[in-house]
Amino acid sequence: MREHSAAELRALIALHRRGDVLFAALGILALGIAAFAFAALFFDMLVSGAPRLSWQFLTGFPSRHADQAGILSALVGSALVMLVTAAVAVPLGVAAGVYLEEYARRGWLADLIEINITNLAGVPSIVYGLLALGLFVQQFGLGQSIAAAGLTLALLILPVVIVATREAIRTIPQGIREGAYALGATRWQMVSGHILPYSSPGILTGIIIGLARAIGETAPVITIGALTFIALLPPAPVTPEFPWLSFEWLRSPFTVMPIQIFNWTSRPQAAFHANAAAAGLVLVLMTLAMNGLAIWLRHRLRARMRW
Amino acid sequence: MRFWRERLIEAALLAAALATIATTLGIVYILVKESVVFFQHVPLWQFLTDRQWTPLFADAHFGIVVLLSGTLVSSAIALAIAIPMGTVIAMYLAEFAPFRVREVAKPLLELLGGIPTIVYGYFALLFVTPLLQWFYPALPGFNLLSAGIVMGIMIVPYVSSLAEDAMRAVPMSLREGSYAMGATRFQTAAKIVVPAAFSGIASAYILGISRAVGETMILAVAAGMQPNLTLNPLEPAATITAYIVQVALGDLPHGSIGYQTIFAAGLTLLLFTLACNVLGHVLRRKYREAY
């Protein structure tokens with residue numbers, strides 16, 4: 001190899017240093033583009049949608065007249081669907097996560113379940129919609145109902161809840177388990193008394209992220225056949241007479257926020273686009289609040305974790 | 001007594017874990033069941049080779065190539081944006097960024113990944129398309145280009161976050177060795193960290209690909225829903241996913257051939273993402289560097 005003179009070496013070092021600076025600039029540029037896209041999306045919706053945001057918009061029903069239309073039925077529909085989704089996905093997901101971490105013996109079954117969960121997480125959401133259309137709507141006869149939509153979205157976010165549960169459980173040191181066993185606890189006493197309480201903040205974070213994803217999902221709910229023009233609310237879950245609870249709402253037709261936005265966006269008139277922007281703003285704020293809460297929870301958790 | 005209670009609880013937990021297997025079986029069962037009926041009407045070779053897709057017309061044609069072309073073009077645009085941007089961001093955050101920048105950038109990217117796709121669809125149709133028309137006035141209101149660009153932005157956080165995790169998992173001693181040899185930060189990142197994290201970065205890319213292929217609402221809103229055999233990103237075209245949405249919006253009777261086409265389209269989609277997952281698995285196995 002040829003000897004470099006000191007001046008050549010200095011030039012070479014300067015060249016390499018410049019490479020570092022250039023790449024850091026490129027990284028900041030890429031982040032800047034992402035931040036700009038986020039800002040553009042948010043401000044575009046704010047400018048077009050904010051004038052439409054009013055009490056009347058939040059509490060009104062869809063209408064053929066853009067200036068009288070509101071999102072009440074979509075808001076209520078989204079809330080009820082999320083209720084079903086959470087009621088199904090949380091127990092199933094947490095139980096599956098606990099089983100895989102605390103009970104499953106290494107073997108083909110555990111491997112199969114694990115590979116299957118990874119695969120499910122990669123299945124496009126519209127395929128879940130087709131599953132729901134064929135199975136829930138047609139074969140189980142649930143029809144185009146809140147129950148069918150809630151179940152579909154629950155299956156969709158199940159991998160998220162399971163993975164979060166497993167990660168939260170994995171951070172608990174082995175000593176906790178051994179301590180409980182040493183005092184004569186059974187496996188379930190150990191899990192219910194120690195593992196679940198200590199992992200609950202991590203699990204909660206996963207549940208919130210899963211629900212934030214479910215509330216914005218459009219494709220699977222469209223495939224079920226959710227209606228876009230719903231001018232009445234589902235029957236109330238609480239009734240004045242005995243037994244005070246009614247489950248009629250599970251079978252009722254519905255619309256949800258993303259479908260309402262889709263419907264307004266696909267119309268040609270600009271007045272409806274303003275409605276779509278306003279509803280989009282409400283939806284984005286809801287998902288941002290949920291994701292922000294999850295990020296904050298995780299941050300706090302990391303700061304407080306002392307084993 | 002206690003023994004049986006324990007066994008019962010274990011069985012219940014196992015049942016919950018098996019629900020995930022049941023979901024997969026359910027998906028395969030439904031898609032295959034309806035597709036079998038479809039392929040009794042339409043021979044497989046016609047499905048693969050016909051160059052027209054008009055399932056609802058009197059003169060019905062079922063060429064999946066038409067829908068695949070839309071999926072291919074939009075995914076290619078999205079990945080041309082998401083893969084370079086995601087990789088650069090991941091390398092920057094893992095190797096270059098000061099602690100403070102990372103603390104701000106990571107949650108921001110996570111929030112960007114949490115925005116509902118229908119909102120991205122609105123953004124593509126009513127912000128990006130008019131912006132592009134300002135540069136190129138002949139661009140139609142529905143086009144694959146703007147949907148692809150927005151889809152790319154949407155996928156960046158998925159790619160960058162997984163790729164960054166992979167790079168951070170590379171042990172510090174490798175970097176120290178590289179610095180000790182006189183390498184700069186960029187040389188270390190590009191020649192040591194990225195190759196060492198290759199299996200993780202590859203699975204980040206594969207996740208990006210399966211997101212792009214399965215993305216629905218951005219395309220249904222911004223790319224139009226007309227089947228169009230084209231490789232030109234400036235034209236409107238339907239993708240596999242947008243076609244399913246279009247049929248689901250109409251009121252097709254259960255059991256009609258139009259109803260069954262969406263299951264055949266869905267099966268194509270599932271097989272594609274499954275192939276992606278298997279490829280990712282193989283890559284991880286083959287290139288995994290154990291430390």
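A salt bridge here is a side-chain nitrogen of Lys or Arg within 4 Å of a carboxyl oxygen of Asp or Glu. Keep that cut-off at hand, and keep in mind that this is a predicted model.

**Stop 1: across the two chains**

Start by selecting A:Arg298 together with B:Glu110. These two form a salt bridge, and their closest N and O atoms are 3.0 Å apart. Between chain B and chain A the count is two salt bridges. Polar contacts can be shown next: nine residue pairs, both members at pLDDT 80 or more, are in polar contact between chain B and chain A.

Which helix of chain B gives the largest share of the side that touches chain A? Select residues 2–41 of chain B: this is helix α1, and it provides 21 residues of that side. Now colour the whole chain B side by class, and you should find 50 nonpolar, 15 polar and nine charged residues.

Zoom out to take in the whole contact. Chain B puts in 74 residues and chain A 79 residues. About 6800 Å² is buried between the two chains, with carbon and sulfur atoms giving 77% of that area.

**Stop 2: salt bridges in chain A**

Over all chains, the structure holds 12 salt bridges. Select A:Glu102 and A:Arg177, whose side chains meet at 2.8 Å, N to O. This pair links distant parts of the chain: A:Glu102 sits in helix α3 (residues 72–103) of chain A, A:Arg177 in helix α7 (residues 174–182), and the two are 75 residues apart.

Is A:Glu102 buried or exposed? Its relative accessibility is 10%, so A:Glu102 counts as buried. Its partner A:Arg177 is buried as well, with 9% relative accessibility.

Move on to A:Glu114 and A:Arg106, where the side chains meet in a salt bridge at 4.0 Å, N to O. Turn on the surface here: A:Glu114 is partly exposed at 30% relative accessible area, and A:Arg106 counts as exposed at 62%.

Keep that pair selected and add A:Glu101, A:Asp111, A:Arg166 and A:Arg170. Together with A:Arg106 and A:Glu114, they are linked in a network of salt bridges.

One more pair to visit is A:Glu217 with A:Arg213, a salt bridge of 3.7 Å, N to O. A:Glu217 is buried, with a relative accessible area of 12%, whereas A:Arg213 is partly exposed at 26%.

**Stop 3: the two domains of chain A**

Finally, colour chain A by domain, taking 6–51 as domain 1 and 54–304 as domain 2. The C-alpha centres of these domains lie 36 Å apart. In their contact, seven residues come from domain 1 and eight residues from domain 2.

Which three residues supply 64% of the area that domain 1 of chain A buries against domain 2 of chain A? Select A:Phe42, A:Met45 and A:Gly49, which supply more of it than any other three residues. The two domains bury about 600 Å² between them, 87% of it on carbon and sulfur atoms.

How many salt bridges are there between domain 1 and domain 2 of chain A? The count is zero, and the count of residue pairs in polar contact (both at pLDDT 80 or more) is zero too. By class, the domain 1 side that touches domain 2 has five nonpolar, two polar and no charged residues.

Methods. Residues numbered from 1 in each chain as written. Chains lettered and ligands numbered in written order. Predicted model: local features only at pLDDT ≥ 70, side-chain atom pairs only at ≥ 80, totals over all residues. Heavy atoms only, no water. Contact = heavy atoms within 4.5 Å. Buried area = accessible area lost by both parts, 1.4 Å probe. Polar contact = N/O pair within 3.5 Å; in protein donor to acceptor, adjacent residues only side chain to side chain. Helix = DSSP H or I, 4+ residues; strand = E, 2+ residues; numbered from the N terminus. Nonpolar A, V, L, I, M, F, W, Y, C, P; charged D, E, K, R; others polar. Buried < 20%, exposed > 50% of the residue type's maximum accessible area, 1.4 Å probe, protein only. Domains from an automatic or database assignment.
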